[in-house]
Amino acid sequence: MASNISVNIPHEELERQRSFAECAAPILTARFGRRPVAFVHTFGCQQNVSDGERIKGMLSQMGFCFADSADDADLILFNTCAVREHAEDRVFGNVGALKAHRRRRPNCIIALCGCMVQQPQIAQKIERSYGYVNLLFGTHSIHRLPEFIYRLVSGEKRVFDISGDDTIAEGLPVRRDGSFKGWLPIMYGCNNFCTYCIVPYVRGRERSRLPEDILREAREMIDAGFKDITLLGQNVNSYGKGEAHGVDFPKLLRMINDIDGDFQIRFMTSHPKDCTVELLDAMRDCKKVCRHLHLPFQSGSDRILSQMNRRYDRQTYLSLISAARERMPDISLTSDVIVGFPGETYDDFKETLSLVDEVKFTSLFTFIYSPREGTPAAKMPDPVTHRQKAEWMAELLKLQEGIAAERNGALVGTTARVLCEEINDGGMVFGRTGGNVGIEFAGTADAVGHFATVKIISATNWILTGEQINLEE
């Protein structure tokens, strides 16, 4: 298996990219006759969202301002996802609609990046069939965006690049989407090679950021007023493996928890094979770490778990759940489930149902299996029809709805500290508890961005309703 030892992109290369940004800025202004406008749309996971914030940071460096739609944009960039077929279909649909935009605005730059286009067959399809896309780059070359745009505005017709290696680009400018909730990547890539998953092939092997770089960015976010920081990685539990600094994920959690300030820490995603009692102890001990653990189990059947190459079994997973609840009786547990993996029988699926019924998760993210070209599972026999899989899914959702309603109902009468996130369509303040359960309550717009103590007065299977007791300054 590939080493986790991390290598940062040399400082000289990042300086080179800054020079490209400086050179591109006046050319872009001349090309469009004003300050250029960018529309950036990200598909997929939080890691993609974090990448999008760095992309927007580099575009800002080149003089771009930003629009909420593609209508009047001089640069349209789709940051793509490859995890499920539906995500790819959405991207192709959106890209197809840009052909008319290109005719209307012939100088517009149309760009694709991210996991989907890191796949060679997808990049080739776009190059062959979507001639109006003039910039495409993969997950390993995001830091080279200034160079790519400079090449385009200097005369090249198309720039396609999915090269690069498993390095880390520190020091990129970041234009964050929020002002009090933010993403903080701690590592990139994945070494697990679950048989259904394309991520190791498009994101590369695991590499961890240096703890001092993470702590520096965390302090910058806290000083800027961020109150909810989510640590990101394809498998955060693998953080620091093989690195000389000796900081693993539990130790990193404690280090961030010790930073002065009023903020809370979340993290995702955790792999059960690397979830340790040391991590659970750190969650228990760290007051700023939310009592929420997202721990994907994917299937309750040992046979299917083996076929998925998940490298744990049902009993190991249940032992982790027991250890977590022993340390934190109030912990909120969420998970991912794949329904209809190739070769799964109804008896296998019933094992998933029984695990869900035993654990009683707060919520689940559920997916019908989607084959990904290039993964081992895509070549496995899959005799169960999509209709049957959909029926299994409906059975799972019905079970989980009842569990969620019961769990949320048990919260009625208790109080929670809630970060107020927005005013929703109904004019209510919306936020999330430390357990990551949505809650709404009467309040005013000046509550947004502040913590409030809220008494829970009613519940459904998907949201709580509360009554504000006090609002923290």
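These notes comment on a predicted model, taking its parallel sheet first and then two residues, Asn48 and Ser301.

1. The sheet is open and is built from six strands whose order is β2-β1-β3-β4-β5-β6, with parallel pairing. Because β2 (65-66) and β6 (159-161) stand at the edges and each has a single partner strand, one side of each is left without a neighbour in the sheet.

2. At the β2 edge, strand β1 (residues 37-42) runs parallel to β2 and is joined to it by two bridges, and Val37 is found opposite Cys65 of β2. Helix α2 (residues 46-61) packs on the sheet, where it touches β1, β2, β3 (75-80) and β4 (109-114), and its direction makes about 155° with that of β3.

3. A further helix, α7 (residues 145-153), also packs on the sheet, in this case touching β3, β4, β5 (135-137) and β6, and its direction makes about 155° with that of β5.

4. Asn48 belongs to helix α2 and has a relative accessible area of 1%, which is under 20%, so this residue counts as buried. A polar atom of the Asn48 side chain lies 2.8 Å from the backbone oxygen of Phe43. Beyond four places in sequence, Asn48 touches Thr42, Phe43, Asn79, Thr80, Cys81, Cys115 and Arg203. Its C-alpha atom is separated by 7.4 Å from that of Gly114, although the two residues are 66 residues apart along the chain.

5. Ser301 sits in the loop between β12 (292-294) and α12 (302-308), and with a relative accessible area of 3% this loop residue is buried. When neighbours within four places in sequence are left aside, Ser301 is in contact with Asp348 and Glu351.

Note on methods. Residues are numbered from 1 along each chain as its sequence is written. This is a predicted model: local features need pLDDT of at least 70, side-chain atom pairs count only at pLDDT 80 or more; totals for chains, interfaces and linings use all residues. Side-chain values use heavy atoms; hydrogens and water are left out. Two strands pair if DSSP finds at least two bridges between them. Helices (H or I, at least four residues) and strands (E, at least two) are DSSP runs, numbered from the N terminus. Contact means heavy atoms within 4.5 Å. Axes are lines fitted to C-alpha atoms, for helices over the stretch in contact, and angles run from 0 to 180 degrees between N-to-C directions. Buried means under 20% relative accessible area, exposed over 50%, partly exposed in between (1.4 Å probe, protein chains only). A polar contact is a pair of N or O atoms within 3.5 Å; within protein, one must be able to donate a hydrogen and the other to accept it, and residues adjacent in sequence count only if both atoms are side-chain atoms.
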